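Let's take a walk through this fold together, going from the sheet to the helices and cores around it. Have a look at the model first, then follow along.

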Amino acid sequence: MKVTRTRKKRLKPVPVLIAILLVLAIAALVWFTCTSFGCSTVPAGPGEISNTSIESSEESSETIPEPTSTRLIGFGDDLIHVSIFRQAKARATDGGYDFSYAYENIKDVVQLADIASINQETVMAKDKEPSGYPLFNTPQELAGCLADVGFDVANLANNHVLDQGASGLKSTLDLWDSIPSVLTTGAYQNEEDFDNIRTMEKNGITFAFLGMTELTNGLSLPDNTDLVVLRTQDEERVKAQIEKAKAISDIVVVNVHWGVEYTHKPTEYQYEYAQKLADWGADIILGHHPHVIQPIEWITRSDGTRALCAYSLGNFISTQETGATMIGGGLDVTVTKEYENNTVSITSARFIPTVTHYERGKANVTIYPLDAYTDELAAKHGVHQHVSTFDLDYINQTVSSVIDEEFLTSYR
């Protein structure tokens, strides 16, 4: 009997090889895609779509900029007594006033700053005679000199802002408006000008500047004027200005004229008002008016962040007649922007002590940084006509007794 066997068909090898190659090709494509564009290792949850975005991967690969910093130095009262403008008159060669000698020894320190601020204590009315205390009026050449020295911001809100009335203030504002390199705060041409918050951007960091005064020596603007002087008593207005400034800047700097003259201790009003300024959004507070230095301190807000306050920076220049009024200084602050976490903060703060020097008869008035002042200069100071002790020991002791050691590091 013949047995018929059924022969099994053998699979052709070519289709199997093609299938293997196809699997390998798909795996290679997946590997290339993940390598080039990144693949999420997190599985999609319910209702979510797991998606690898080329656009988002490109953003994540962008280089984060390095941190940037800006140095702000704020100085105290530029108080132009008669001897100072007479000196400027005598030194001028064109029949006008040359104030440069008064600032030549401090100019290099001012120019260390990316932004330098001054409290300009006296108005500069064009059509009125120069005058000193009690109703100051300074020759207009001073404004150009301060710009040349390196100042970028001038606070005009102080107790002498109305010494020459509304017309004197208007003339002063017109003068500063003709010097576009310098911003002014605290006094304004009109409400529109008041609403124009002054800002300055340096190294990618935007600063906003405000100024206000507690006192105007009993003087006031007439009802029919458009001029505006911001007063500390107008708290709702001050608060609104700070909040507006905060919305358009990284750092809000407030110059405030307050306190009691010739005392190193701030008043309760200063302490309470500084806390309000900080809570409203001020980051750096530059205090003026006492004509002597007062403490510097950090103020903690309710949210735990901090503002920095110098209650009084003393006189930048004057010819007053006590040892303490010869000592002033600048608040030297470095502000840093961290792009990685998008924060702006004060990363260093120090005090730069300065000395106003004049000789017998209040001649040759000029400003020195304390680190350039000597006992030989102190021995020749004209203030000895009024006080018995004025030397480096006295100056250093005054500074160290008022300013916390934290803020007395080298500024060079």
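Which residue in β10 does Val 254 stand opposite? The partner is Ile 285. Before going further, a word on the ground rules: this is a predicted model, in which local features need pLDDT of at least 70 and side-chain atom pairs count only at pLDDT 80 or more, while totals for chains, interfaces and linings use all residues. Residues are numbered from 1 along each chain as its sequence is written, and side-chain values use heavy atoms, with hydrogens and water left out.

Val 254 and Ile 285 belong to a parallel pair: five bridges join β9 (residues 251–257) to β10 (residues 284–288). Helices (H or I, at least four residues) and strands (E, at least two) are DSSP runs numbered from the N terminus, and two strands pair if DSSP finds at least two bridges between them. The wider setting is an open sheet of six strands with mixed pairing, in the order β6-β7-β9-β10-β12-β11. Its edge strands, each paired on one side only, are β6 (198–202) and β11 (296–300). From one strand to the next, the twist averages 20°; axes here are lines fitted to C-alpha atoms, for helices over the stretch in contact, and angles run from 0 to 180 degrees between N-to-C directions.

At the β6 edge, β6 and β7 are antiparallel and share five bridges, with Thr 199 partnered by Ala 208 in β7. Two residues separate the strands of this hairpin, where Asn 203 has a positive phi near 55°.

Next come the helices on the sheet. Helix α9 (residues 235–247) packs there and touches β7 (205–213) and β9, its direction making about 170° with that of β7. Contact means heavy atoms within 4.5 Å. Helix α10 (residues 268–280) also packs on the sheet, touching β7, β9, β10, β11 and β12 (306–310), and makes about 55° with the direction of β11.

In the loop between β10 and β11 you will find His 289. Is His 289 buried or exposed? His 289 is buried, because its relative accessible area is 4%, and buried means under 20% (exposed is over 50%, partly exposed in between; 1.4 Å probe, protein chains only). Its contacts beyond four places in sequence include Asp 77, Asn 159 and Trp 258. The side chains of His 289 and His 257 also make a polar contact at 3.4 Å, that is, a pair of N or O atoms within 3.5 Å where, within protein, one can donate a hydrogen and the other accept it, and residues adjacent in sequence count only if both atoms are side-chain atoms.

Now turn to helix α6 (residues 141–149), where Leu 142, Ala 143, Cys 145, Leu 146 and Val 149 are buried. Seen down the α6 axis, the buried residues fall within an arc of 160°, so they line one face of the helix; the arc is that of the directions from the helix axis to the C-beta atoms. Among the elements covering them are β1 (68–78), β2 (115–120) and α7 (165–177). After α6 comes Gly 150, with a positive phi near 125°.

Tyr 103 touches several α6 residues, including Leu 142, Cys 145, Leu 146 and Val 149. In the largest nonpolar core, of 80 residues, Tyr 103 and Tyr 373 touch the most other members. Such a core is a set of buried Ala, Val, Leu, Ile, Met, Phe, Trp, Tyr and Cys residues joined through side-chain atoms within 4.5 Å. Apart from it lies another core, of 26 residues, and Val 254 is among them, as are Val 238, Trp 258 and Ala 274.
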